[in-house]
Amino acid sequence: MALGTAIRSAEVLVTSPDRNFVTLRVTTEDGVIGLGDATLNGRELAVVSYLRDHVAPLLIGRDAHRVEDTWQLLYRGAYWRRGPVTMSAIAAVDMALWDVKARLAGMPLYQLLGGASRTGALAYGHASGRDLPEVFDSVRRHLEEGYRAIRVQTAVPGITALYGVPAPSGSGTVRYEPAQRAPLPVEEDWDTRAYLRHVPGVFEAVRAEFGPELPLLHDGHHRMTPIQAARLGKDLEPYDLFWLEDCTPAENQEGLRLVRQHTTTPLAIGEVLNSVWDYQTLVREQLIDYVRSSVTHAGGITGLRRILDFAAQHQIKSGIHGPSDVSPVGMAAALHLDLAIHNFGIQEHMPHGRLTHEVFRTSATFSGGLLHPGDAPGLGVEYDDAAADAHPYQPAYLPFSRLQDGTVHDW
Ligand SMILES: [Mg+2]
């Protein structure tokens, strides 16, 4: 090993500019820096401890070039495998080491992953509204911002607070942020029958308003049983969705067989899945069309590429998770993969706020509906310590749901 590429320090950085982010910063003896995203929304400090107390000591003195060996050491060497905390920690190390390697090579990371397979990554934005006029306004605003594919979420009569729809704020331009800064999670309500009755009519209206060409997406957020999801997929077929996402909880992989038997609406799943083992039935039986895992929660570039290569053999494409809780570092990693892989499908894009961009200075761009990671060496993200230190960690949680009779439901 060249002495200069040995890891000198591995720092775990926590900041809360617009929301909480956990970042791993690896520095080599020669002073080359690599960044990795370790943000696990609502459970951030568990990954901080995993990295700081159990992973960082293993990294000191290791050759930063040994990306695969380090991944295997952290995955197999812990004995306890998989799970979001472990796989987010491994992801942060993996991203940071790829960042170091690409900076040393003087190339943007996508060049090391095989080079660009396309000019940019088609991105979809999140439109939503409490009623049809608000939904139409939101779709129009996204079109004006340049989006060429749009996810549509809508309020449902009879449900007070719903995933994907911002609470009334008086401003038409508010961005949806599900994690709330509070000492305890917020409670929302849910009624599957009301949802199933309402959603098809919204898509009928949106299709009629915006025409047949615009790719439209919808997220069911794990709330239906397989037979309910099958019905929704069938009811949405006339409106030609790009995908129906998370129609049923993903850990029941066999449940997707029932959905698939009944509908040709394309299916996307996997944002809560974190290893290739979570996709065995889904991919082998072609029960889905898009893989939704994030780089941050699925073992990094090495882990997600393993899933996407497996998916490619079954004509399944990528739809990498990109909510606001994936930091600009995690988003950069996603964009380098998006550019390089052959089986790219689409990239989720939930823009970060101004304060977040002051902490994470990114070379990524959005133009003509396409995201691009930029051509700075490495991931293309610099971390500003002074800006970060002005925003200490604040407890924040994702909400949870209850049915009318008080039963906890999937959020
Ligand atoms: Mg989702």
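Reader: In which loop is R82 found?

Author: Let's start by placing this residue in the model, which is a predicted one. Helix α2 covers residues 67-76, and α3 covers residues 84-105. R82 is found in the loop between α2 and α3.

Reader: Is R82 buried, partly exposed or exposed?

Author: Here we count neighbours. A residue is buried with 20 or more other C-beta atoms within 10 Å of its own, and exposed with 12 or fewer. R82 has 17 C-beta neighbours inside 10 Å, so it counts as partly exposed.

Reader: What is the phi of R82 near?

Author: Good one to check on the backbone! R82 is a residue other than glycine, and yet its phi is positive. The value is near 65°.

Reader: D240 is not a glycine either, so what is its phi, and where is its place?

Author: D240 has a positive phi of about 55°. With 16 C-beta neighbours inside 10 Å, D240 counts as partly exposed. As for its place, D240 is in the loop between α7 and β9.

Reader: Which residues are buried in α7, and why do they line one face of the helix?

Author: Helix α7 runs over residues 226-236, and its buried residues are P226, A229, A230, L232, G233 and L236. An α-helix has 3.6 residues a turn, so residues three or four places apart point the same way. Seen down the axis of α7, the buried residues fall within an arc of 165°, so they line one face of the helix.

Reader: What covers the buried residues of α7?

Author: Look around α7 in the structure for what is in contact with its buried residues. The cover includes a strand, β9 (243-245). It also includes two helices, α6 (192-210) and α8 (255-262).

Reader: How wide an arc do the buried residues of α8 cover?

Author: In α8, the buried residues are G255, L256, V259 and R260. They sit on the same side of α8, because the arc they cover around the axis is only 130°.

Reader: And what covers those buried residues of α8?

Author: Part of the cover is strand β10, which spans 267-269. The cover also includes two helices, α7 and α9.

Reader: Is W277 buried or exposed?

Author: First find W277 in the loop between β10 and α9 (280-284). The cut-off for exposed is 12 or fewer C-beta neighbours within 10 Å. W277 has 10 of them, so it counts as exposed.

Reader: How far apart in space are W277 and R292?

Author: Along the sequence, these two are 15 residues apart. In space, taken from C-alpha to C-alpha, W277 and R292 are 14 Å apart.

Reader: What is the order of the strands in the open sheet that has antiparallel pairing?

Author: This sheet has three strands, and β1 (7-15) and β3 (33-37) are its edge strands, each pairing on one side only. β1 pairs with β2 (residues 21-28) over eight bridges, and L13 stands opposite T23 in β2. The order is β1-β2-β3.

Reader: Which helix lies across β2 and β3?

Author: Follow the chain to residues 84-105. The helix there runs at about 150° to β3. Its name is α3.

Reader: In the open sheet with mixed pairing, which residue is the bridge partner of S401?

Author: The strand order here is β7-β19-β20, with β7 (187-189) and β20 (408-409) at the edges. Two bridges join β19 (residues 400-402) to β20, and these strands run antiparallel. In β20, the partner of S401 is H409.

How values were computed: Residues numbered from 1 in each chain as written. Predicted model: local features only at pLDDT ≥ 70, side-chain atom pairs only at ≥ 80, totals over all residues. Pairing = 2+ DSSP bridges. Helix = DSSP H or I, 4+ residues; strand = E, 2+ residues; numbered from the N terminus. Contact = placed C-beta atoms within 7 Å. Axes fitted to C-alpha atoms, helices over the stretch in contact; angles between N-to-C directions. Arc of directions from axis to C-beta.
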